[in-house]
Amino acid sequence: MNRVIALAGRPNTGKTSLFNALTGLRQRTANFAGCTVEKASGTMRASSGEIEIVDLPGTFSMLPQTEDEHVSFRFLSECAGSGDDLLVLCVAEASNLENDLILPAGLKAAGYPVALAVNMIDESRLNGIKLDAAELSGRLMMPVALVSARTGEGLLKLDALLAHGVLRADLSDAMDFRCATKKRLHELQDGAVERASAASSASVTWPHRAVLPTVARSIRIDRMLLHPVAGPVILVATMFLLFQALFIGARPIMEFLSGALGALANSLRALLPGGALASLLCDGAIPGISAVIVFVPQIAILFAMIGSLEQSGYLPRAGAMVDRALRPFGLDGRVFIPFLSGFACAIPGVLAARTIASEKRRIVTILLTPLMTCSARIPVYTLLITAFVPATFRPMGFNGQGVVMAGMYAFGVVMALLLALVLKFTSFNEIHPSPATVLPPYRVPSARELTRYVWVRCWHFLSRAGQVIFIVSLILWALAVFPRDAARLAPIEAELAAVRAGSAPDTGLERAVLGRLAAARIEGSALGRAGRLIEPAFRPLGWDWRVSVASLSALAAREVFVGTLGTIYALGGESNASEGLIAALREARNPDGTERYGLATAVSLLIFFAIALQCISTIVTVRRETGSWEIPALQFAFLFGLAYALAFAGYRLTLAFLG
Amino acid sequence: MTLDTIPLDVPVRVLGYAGLSLHDKERLAGLGLRPGVAVVKILRTPLRDPVECLVGSQLLAIEARLLPQIRVEAA
């Protein structure tokens, strides 16, 4: 028999802070049974043994509407039927008791054992509110503790209250919400509103002010941050800073991690005898680990910033500001952060969609977020634009290459909005699921809470998506290495041996031969053969087998495209903006002397990379977030088809108009 | 009178709803916008929708289309 404490309450009551305070780092995340809503659970050590603490999704009333709210009530009903010891610990914000007491009063009336933690007691003191805990406890007929999860005030008393026998196993009287009628729920809600109001009036002494100081301060800040002119400017500036932090802050760490793991691979390569084991470790396992770890700094910085904005109270306001503009597309302000995150990397963007309570809207957001121009596309865009957009192209005096790059960012956003418009006419559409949003008071973010917030999300990425990305990287390595075409490799290996055995070693020549050897290996491998096989399918887009192989290998991650092309062109290195590769692409010729690639090929590649979901990591993350392969499979197939069709159109139109 | 006709910063009290869908009614009630509660329209967001309102002791951003369906009286 388990002993379970379920934390319930309205969003923004500090429920998660209290959960963190009670469980420390003894936490794990999983999904609630039968759905994709995340369940955070942990353990609390009491004198009577360990108690499982479950952080239920936020619930506004006794009338569940969103998937999150249904999950909370379903979980309580399942617990009641399982014979486990249960206590519902309702968390209420001390400055908003008239609203927050409805849920505990309703659950108590529904036959559940309930205790109440009145949180943010420090803030209510600043507001001049006086609370009589004994009166409140008597009115609601449940134990009450006054706490501040942020400062730790009252937590010892709460621990003692929870540890000493308030859990109850006999829940035979508890209502089963899964089969409760709407009428019964309305009766419960109406009764709970009355009891909550009476309890609040009797136990709370309000200050003699029209508006609480924290609310008055928030209104003053809102008059500035939501000002018709200053508001949008501040929003754009905030997002600009977020981008800057992502690119400027994450890049050195990413380069350091990438460099360190590259150096480790090189050291191992020098130590180990050449062969499959060395290649597995140096070309498969370590790059696989690298492909996972290099994303962590971006995810950490992004979530540190999102966490700060969320804790400060600005995030719901930013969503409210763009809400109106997004409604014609069947979206709302809540998609703002996932889309924004998608500019760094689709993975945190997809993860950020969890804040959207409506399941359909969340799925639409997950489907469209990968269209935002993530940082992995930048090396590909840079290579193609530098190689094929002339430096002399200066529209209206601006740098033409920069204009095309900016255009690619805009193209992603426009495609996402157009697809959202299309999805509006499908079963994914939902009338604005939240016609009103709570704007919590502005608060200074807590460093401790923020650290935990970032840690949980980074660990989630490493432990879940990371495992699969690593395995897929190994599979791609195997496809790129096997089978070895000995007949094709033998003369190049002999040439390499001759160069190395020469009296005056020529490192430039050796590197060139090594490059050709790498290219021959890829060409003869399963991946290379697949490239040849798929070449006819991509020929209409102006791609040859080399570009087809590079695009195929870019399924692991888009930026791999550049590295693979670099290897195929016998350049050896994987510099993202290598002048050598740029020159090679410009000067590449067919056997008949005609240009192998031109502006039309670049246009088709740019369009294809802007739309196609070429990122195993994102596909795996979408699988994790949606709970099945159906959505990512649909997403991949649809975006691939659309990318192909538009790339073909772009190729043909460019050929027709520009030659 | 309805909430859309009330100027900013004028306190009123909610009387009830007129023509709201059950979904919206339940949502608003869950958020604390119930009959008897004091409401003040604080400001319009930059695109003039939603509207920030002080409802009891909390701030809500309410979609403008709902305001004509919230009946109010002078506080």
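Five bridges connect strand 3 of chain B with strand 4 of chain B, and the two run antiparallel. Strands here are DSSP runs of E with at least two residues, helices are runs of H or I with at least four residues, and both are numbered from the N terminus; two strands pair if DSSP finds at least two bridges between them. The model is predicted, so local features need pLDDT of at least 70 and side-chain atom pairs count only at pLDDT 80 or more, while totals for chains, interfaces and linings use all residues. Residues are numbered from 1 along each chain as its sequence is written, and chains are lettered from A and ligands numbered from 1 in the order in which they are written.

Within this pair of strands, Cys53(B) stands opposite Leu60(B), and Val51(B) has Ile62(B) as its bridge partner in strand 4 of chain B. Two residues lie between the strands of this hairpin, where Gly56(B) adopts a positive phi near 65 degrees. On its other side, strand 3 of chain B is joined to strand 2 of chain B by five bridges, again antiparallel. Here Val40(B) has Leu54(B) as its bridge partner, and Lys41(B) has Cys53(B). The hairpin of strand 2 and strand 3 of chain B has six residues between its strands, and Arg48(B) in the turn shows a positive phi of about 70 degrees.

How many residues of strand 3 of chain B are buried? Five of its five residues are, a residue being buried if 20 or more other C-beta atoms, placed from the backbone, lie within 10 Å of its own (exposed if 12 or fewer, partly exposed in between). Both faces are covered, with Val51(B), Cys53(B) and Val55(B) on one side and Glu52(B) and Leu54(B) on the other.

The wider sheet takes in both chains. It is an open sheet of six strands, paired antiparallel in the order 10(A)-4(B)-3(B)-2(B)-1(B)-5(B). Its edges are strand 10 of chain A and strand 5 (70-74) of chain B, each of which pairs on one side only. From one strand to the next the twist averages 40 degrees, with axes taken as lines fitted to C-alpha atoms (for helices over the stretch in contact) and angles running from 0 to 180 degrees between N-to-C directions. Helix 9 (residues 213-225) of chain A packs on the sheet, where it touches strand 2, strand 3 and strand 4 of chain B, and its direction makes about 25 degrees with that of strand 2 of chain B. Strand 1 (residues 12-17) of chain B pairs antiparallel with strand 2 of chain B over two bridges, and Val12(B) has Val39(B) as its partner there.

The link between the chains within the sheet is made by strand 10 (residues 436-439) of chain A and strand 4 of chain B, antiparallel and joined by four bridges. One of the partnerships is that of Val438(A) with Leu60(B). Overall, the contact draws 32 residues from chain A and 29 residues from chain B, two residues being in contact if their C-beta atoms, placed from the backbone, lie within 7 Å. Helix 1 (22-31), strand 2 (38-44), strand 3 (51-55) and strand 4 (58-62) of chain B each contribute at least two residues to the side of chain B that touches chain A, and helix 1 of chain B provides the largest share, eight residues. That side of chain B comprises 15 nonpolar, seven polar and seven charged residues; Ala, Val, Leu, Ile, Met, Phe, Trp, Tyr, Cys and Pro count as nonpolar, Asp, Glu, Lys and Arg as charged, and the others, Gly among them, as polar.

Leu60(B) appears once more in the largest nonpolar core, which has 131 residues, where Leu60(B), Leu384(A), Leu606(A), Phe608(A) and Ile611(A) have the most contacts inside it. Such a core is a set of buried Ala, Val, Leu, Ile, Met, Phe, Trp, Tyr and Cys residues joined through C-beta atoms within 7 Å. Helix 26 (residues 599-611) of chain A gives the most to this core, 10 residues. A second, separate core of 66 residues includes Ile5(A), Ile53(A), Val118(A) and Ile121(A).
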